[in-house]
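Open your viewer, pick a colouring you like and keep the selection box at hand. We will walk from one selection to the next and say what to look for at each stop.

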Amino acid sequence: MPEENVLALELDKLDSNGLKRLGRLWNLAKLGADKKSLTKNIVQTMQDEFYLKGVLEKLSATQVTIYTSILKAKSSVLTLGEIARKIGMPPVNAEMELGVLKRYYLVYQRKNRERLTNNLDKYHYYPESGDVVRMDTNEKAQKFRLQIGKVLQRRDSVPREWQKLLDKRCVSGGQLTAAGIKACGEDELIAAILEGLSDLERDVILECFLQGGVLELARARELISMKRGKWETVVRHLDNLGLLCDEYYVDEKFIRILVLPQDVFKHIQEHPILPIQKKKKKRQESKANNELDFFLNIRKMIAYISRKGLNLAKSGKIKQIDLRETENRLLRPNIDLFPEKSQINQIELLLPVMRLLDIVRVKGDDVVLRNDYSRVLTMPPLELIHEVYEEMTGARGRRVRYEDVFEPLYVPFFDRQVMDDCVNQIMKRGPVIYFVIIASLIREKLLLNTEFKIRRFTEELTELRREIQSALFYLQLLGFIVVEFPDRHISVSELGLFYLKSKKLNNTVQKGGLIINPDLSMVAIPEMLSLEALYQIKCFAEVKSFDNVYTFQISRESFQEGLLMRAKPELFVETLTECSRGELSQNLLFSIEDWSRTLPLVTITDESVLVQTENSDHMELLLGQIAGKKIVLQKISPTTIIIEQDKIYETITYAEKLNLIVNLIR
């Protein structure tokens with residue numbers, strides 16, 4: 001019996017219902033009106049690589065090992081015993097796995113005539129489907145490095161969409177010539193082909209680009225179905241055009257993926273496809289540069305805790321009243337690069353950094369200042385940048401977990417290497433849409449990595465994307481990049497170039513960059529002022545609004561807050577003089593002098609201990625012992641002093657040496 005007729009004979013044994021079940025297993029588009037047409041459609045489907053891939057991707061690793069072993073066998077046949085040895089299972093288990101292959105009509109069985117043992121039963125593959133199967137591997141990531149010209153060369157004929165665009169010398173006999181292969185990679189032709197796609201097809205290509213140029217078929221199905229499209233139609237059309245190749249290879253299982261050719265990926269890097277937006281009010285074009293705002297907010301937060309205190313809820317979280325009040329008092333750096341993270345409160349970003357600087361801790365239900373926090377207040381901003389950045393960089397190596405209020409729960413601190421990679425990509429590409437950076441790094445660091453395995457793709461993609469988003473988020477928060485809205489192009493800012501690339505800062509200011517009104521409101525033009533000048537102004541003046549230019553208001557409260565942050569009024573006056581075109585008004589100078597002189601400060605200390613004696617002689621004896629030992633904070637009266645809280649036991653020791661009786665009250 002000729003082997004090529006085996007499939008027809010086997011199908012002929014099935015009734016119409018059996019054929020329909022088989023057709024549904026193969027995802028048959030048209031079942032057929034009668035048994036003959038149904039059989040014909042099934043055979044044609046089995047020879048169609050598109051539908052064959054749909055079946056192969058369903059097979060388990062064991063079933064793939066069995067099937068490929070039969071395909072690679074010299075005589076295209078293996079016995080049950082040979083198959084069992086190859087997969088390391090008992091024959092009864094091997095038969096169960098073979099049952100699945102038989103149900104899909106990928107293999108058929110020829111029983112041993114003597115039937116002493118079924119181990120000698122022979123299994124063959126059906127040539128209709130088996131001859132179509134390619135057993136490629138992807139050991140060197142060659143499947144991720146396809147070229148569109150060579151992809152189209154494999155087609156039976158060049159798609160008509162390409163033939164309309166290509167020169168006559170590029171196509172000969174319906175096939176691409178060498179000149180045609182090269183021409184297909186040109187930006188103008190790729191752009192023209194992309195322009196002719198539907199919105200849904202462009203969305204699928206963009207999703208593949210965002211994943212570094214590879215898209216799992218399950219994700220493509222989900223995306224297309226969600227937008228009420230037919231995934232088979234979309235995938236086949238994009239594959240036919242060579243824009244999104246429907247590829248598969250063997251890596252334990254049959255792996256089916258959609259791949260962007262390198263030429264198309266590079267084209268989208270330079271000419272990004274923007275996501276299709278629903279009809280919304282067009283956002284105004286603007287640039288967001290956070291300058292030194294985050295570092296000034298650290299000083300403002302210190303002043304807030306020293307003035308208001310910070311009491312936590314019983315859950316250990318920040319109370320809503322403090323969330324609202326700090327948002328009103330702090331500067332508002334732009335964090336809209338990732339809209340889903342734009343609702344994070346500034347205090348939730350500041351406290352983890354302040355804990356890294358070791359200037360805050362939890363005491364009871366309160367967040368309190370600790371150690372030499374005044375050092376941070378007096379530190380020049382550029383020095384503070386260095387300390388904050390170094391602490392953030394080293395945070396990944398920290399073994400001790402802080403209280404939740406001090407942990408960066410919403411956006412984890414960045415990885416230094418990923419941060420450097422992001423900066424290098426931005427420098428390389430200039431102003432670039434943020435998602436191009438994400439896609440490029442996913443491709444370089446994940447897909448083209450020699451140790452990459454597709455079965456770990458989802459987990460590794462999620463982790464790497466989180467790392468990149470974290471790095472970009474902190475680049476914006478720290479003022480190292482400028483974000484241009486509405487499309488969110490990013491570029492390295494002047495501050496980023498200074499700190500990350502050691503470029504010199506421009507400290508020059510232009511006269512007229514600051515306009516001061518009689519009511520002490522001010523208008524500042526950022527392009528005419530230096531970072532240092534804006535920093536000094538923001539220390540003492542309240543930011544009322546920003547829309548390409550700043551509007552400030554100087555008031556008693558804003559000026560006194562600057563004094564609490566240890567900012568120097570003389571530097572503020574010097575900055576106003578340099579930036580303003582005219583002389584400063586007497587009203588302004590008098591107000592500054594008056595507010596500087598009459599700071600109504602009340603100091604309340606809760607980390608000190610009161611020491612009292614019955615008479616002044618005993619106090620004099622005690623002071624004679626502890627003087628000069630950094631124990632006494634203040635002498636209140638001849639019989640009363642205040643000492644450091646952690647010096648109690650040392651003071652007790654000195655008192656007992658003098659035969660004084662200690663009465664410790666706690």
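Start by selecting I344, E348, L349, P352, P408, L409, Y410, V411, F413 and Y474: together they line the largest cavity. Keep in mind throughout that this is a predicted model. The space inside this cavity comes to about 50 Å³, and the structure holds two cavities of 30 Å³ or more. Now add helix α19, residues 346-356, to the view: three lining residues come from α19, the largest share of the lining.

Next, move to helix α22, residues 416-429, and pick out D421 within it. Is D421 buried or exposed? With a relative accessible area of 17%, D421 is buried, because the cut-off for that label is under 20%. Show L441 and K445 as sticks too; these are the residues that D421 touches once those up to four places away in sequence are set aside.

For a second buried residue, go to helix α12, residues 187-195, and select L189. Its relative accessible area is 13%, and L189 is buried. Which residues does L189 contact beyond its neighbours within four places in sequence? Select W162, L165, L166, A183 and C184 to see them. You can also draw a distance line between the C-alpha atoms of L189 and L165: they are separated by 6.9 Å, although the two residues are 24 places apart along the chain.

Now for a longer stop, at helix α7. Select residues 91-103, a run of 13 residues. From the first C-alpha to the last, α7 reaches 18 Å, close to the 18 Å expected at 1.5 Å a residue. Highlight A94, E97, L98, V100 and L101, the buried residues of this helix. While you look along the helix, a reminder may help: an α-helix has 3.6 residues a turn, so residues three or four places apart point the same way.

What do the buried residues of α7 pack against? Show two helices, α5 (61-72) and α6 (80-87), and two strands, β2 (107-110) and β3 (122-125): the buried residues of α7 pack against these elements. Before leaving the helix, click on Y105, which follows α7 and has a positive phi, near 60 degrees.

Stay with β3 for a moment, and bring in its partners. Strand β1, residues 77-79, runs antiparallel to β3, and three bridges join them. β2 also runs antiparallel to β3, here with four bridges. Select K122 in β3 to tie the two pairings together: K122 is the bridge partner of T79, and R110 stands opposite K122 as well.

The last stop is another sheet. This one is open and has four strands in the order β15-β16-β18-β17, with antiparallel pairing. Which strands stand at the edges? Select β15 (514-516) and β17 (542-546): each has a single partner strand, so one side of each is left without a neighbour in the sheet. Turn the view to look across the strands; neighbouring ones are turned by 20 degrees against each other on average, direction ignored.

To finish, zoom in on β15 and its partner β16, residues 521-524, which pair in the antiparallel sense over three bridges. Label L514 and A524 to see one of the facing pairs, with L514 opposite A524 in β16.

Key: Residues numbered from 1 in each chain as written. Predicted model: local features only at pLDDT ≥ 70, side-chain atom pairs only at ≥ 80, totals over all residues. Heavy atoms only, no water. Expected span 1.5 Å × (residues − 1). Buried < 20%, exposed > 50% of the residue type's maximum accessible area, 1.4 Å probe, protein only. Contact = heavy atoms within 4.5 Å. Pairing = 2+ DSSP bridges. Axes fitted to C-alpha atoms, helices over the stretch in contact; angles between N-to-C directions. 1 Å grid on protein atoms, 1.4 Å probe; cavity = no way out; pocket = protein on both sides within 12 Å on 5 of 7 lines; lining within 4 Å. Points joined across faces, edges and corners; volume = space filled by probe spheres on them.
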